[in-house]
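Welcome to a short tour of a protein model. Keep the sequence and the structure in view, and look up each place as we reach it.

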Amino acid sequence: EVHPDEPDALDRIQITYDSRPIGEDYYGDPILDELLQDYRHRLTDAVLSYPCAAMGCISDLSRLSETGLLLLAADQGYSSEEELLEQDMPVIDLHGSISMRVNYHALGQYVLKRGGRVYHAGQRSLSLNVSCFVLGHSPNATPATERIFNDAVARFGPDDFFILKLGVESAYESLDLPQILEYLRLTGYDVDIFVGAFPALLNLVDSCSIEEREELLQALQQVWEAYYPIGEQLDLPFRIGVLLYSAAWYGEALEFFRRSERMHGPHSSTSYDMGMCYYMLGEQESAQACVDEARRLDPECEEAPWSDLGGETV
């Protein structure tokens with residue numbers, strides 16, 4: 001017996017299944033019962049989940065959508081009958097919530113029985129299935145929808161990209177700068193991809209050509225424009241600033257260090273790096289002020305190695 005507000009309630013839940021026979025009108029809904037009987041006669045030795053609640057949601061959404069419904073649904077799951085034949089008892093995962101793989105094939109059959117259109121990716125999904133359901137339109141009214149779904153999902157969709165990502169992120173150190181920048185461009189300058197590639201980028205930036213530094217600057221600006229902060233601890237502007245400084249874009253790096261300070265508060269590393277930027281820009285007083293601030297925040301902050309940059313120690 002647990003209270004739903006207890007933090008460890010899910011850890012103490014045990015999941016079991018009971019078997020019971022079904023009749024012709026198990027759900028009391030003509031379409032749900034017809035689809036269940038279809039499975040009963042075609043899949044005589046299979047175990048499957050039956051998303052009757054999701055079917056009810058589709059019915060409600062369709063009723064609320066006066067001009068027609070287009071529903072995109074994405075989660076781990078199955079979209080073909082062949083995949084259902086391979087399943088054992090459904091696995092229920094506990095990870096801060098309760099979840100299980102979705103039977104998208106059943107959702108598709110439900111939509112078809114209601115006179116709708118269904119678009120699945122066609123190939124087995126390994127991590128994320130994306131399906132499209134259309135209700136309230138004639139079949140001739142959705143050719144553009146089918147074409148766009150094929151372009152965005154069926155030919156190469158999120159699941160395909162995730163599999164590619166797993167391979168690429170294990171080989172960042174073997175890629176050169178143009179290859180990493182092209183990969184960033186392919187992902188729409190995704191912040192998570194950038195963070196994963198950051199160590200490799202930092203190793204490559206010192207040996208960049210002038211043209212490559214220009215391309216790096218443009219890519220980092222695109223990463224920043226694509227970023228939507230949601231209160232996470234990730235200090236993206238600091239990472240961008242470090243790369244810009246390493247590529248000798250000192251003014252641009254300084255602006256990102258300022259953004260880091262505004263978003264995440266003062267830090268000795270941020271003040272120190274701002275001082276380095278000011279020094280390289282020839283602004284000695286501002287450089288000294290930043291170094292003093294870094295030492296105030298962290299008395300053990302090492303002395304700024306201006307001599308390593310071709311100047312005298314401040």
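## Salt bridges within helix H11

Let us begin with Arg-258, which is partly exposed, with a relative accessible area of 29%. Please keep in mind that this is a predicted model. Arg-258 has a charged partner: its side chain and that of Glu-255 meet in a salt bridge, at 3.8 Å from N to O. Glu-255 is partly exposed as well, with a relative accessible area of 28%. Both values fall between the limits of 20% and 50%, so neither residue counts as buried or as exposed.

Where do Glu-255 and Arg-258 lie? Both belong to helix H11, which covers residues 250-264, and they are three residues apart, about one turn of the helix. The pair is also part of a network of salt bridges that links Glu-255, Arg-258, Arg-259 and Arg-262.

## Two more salt bridges

How many salt bridges does the structure hold? There are twelve, and two others are worth a visit here. One joins the side chains of Lys-165 and Glu-169, with 2.9 Å from N to O. These residues are separated by about one helical turn, because they are four residues apart in helix H6 (residues 158-169). Is Lys-165 buried or exposed? Lys-165 is buried, as its relative accessible area is 14%, while Glu-169 counts as partly exposed at 34%.

The other salt bridge is formed by Arg-40 and Glu-24, whose closest N and O atoms are 3.9 Å apart. This pair links distant parts of the chain: Arg-40 sits in helix H1 and Glu-24 in the segment before H1, 16 residues apart. Arg-40 is partly exposed, with a relative accessible area of 40%. Glu-24 has a value of 57%, so this residue counts as exposed.

## How helices cross

Now trace helix H1 (residues 30-42) and helix H4 (residues 104-113). Their axes come within 10 Å and cross at roughly 125 degrees. That angle makes H1 oblique to H4. As for its hand, the crossing of H1 and H4 is right-handed.

Next, return to H11 and find helix H12 (residues 268-280). The two pack at an angle of about 155 degrees, with their axes 9 Å apart. Why is H11 called roughly antiparallel to H12? Angles over 145 degrees count as roughly antiparallel, so the angle of about 155 degrees earns that description. The crossing of H11 and H12 is left-handed.

## A buried leucine

Leu-201 lies in helix H8, which runs over residues 191-204. With a relative accessibility of 1%, Leu-201 counts as buried; the limit for that word is under 20%. Try finding Leu-177 as well: Leu-201 and Leu-177 are 24 residues apart in sequence, and their C-alpha atoms are 6.8 Å apart in space.

## A nonpolar patch on the surface

Our last stop is on the surface. Which residues form a nonpolar patch there? They are Ile-13, Ile-15, Tyr-17, Met-89, Leu-94, Ile-98 and Met-100, and together they have about 590 Å² of accessible area.

Take a moment with Met-89, a member of this patch. Met-89 is found in the loop between helix H3 (81-85) and strand E3 (93-94). Its relative accessible area is 44%, so Met-89 is partly exposed.

Terms used: Residues numbered from 1 in each chain as written. Predicted model: local features only at pLDDT ≥ 70, side-chain atom pairs only at ≥ 80, totals over all residues. Heavy atoms only, no water. Patch = residues over 30% accessible without salt bridge, like charges linked within 9 Å, V, L, I, M, F, W, Y side chains within 5 Å. Areas by Shrake-Rupley, 256 points an atom, 1.4 Å probe, with all protein chains shown as cover. Salt bridge = Lys/Arg side-chain N within 4 Å of Asp/Glu carboxyl O. Buried < 20%, exposed > 50% of the residue type's maximum accessible area, 1.4 Å probe, protein only. Axes fitted to C-alpha atoms, helices over the stretch in contact; angles between N-to-C directions. Parallel < 35°, antiparallel > 145°, perpendicular 65-115°, else oblique. Left-handed = near helix turned anticlockwise from the far one by under 90°.
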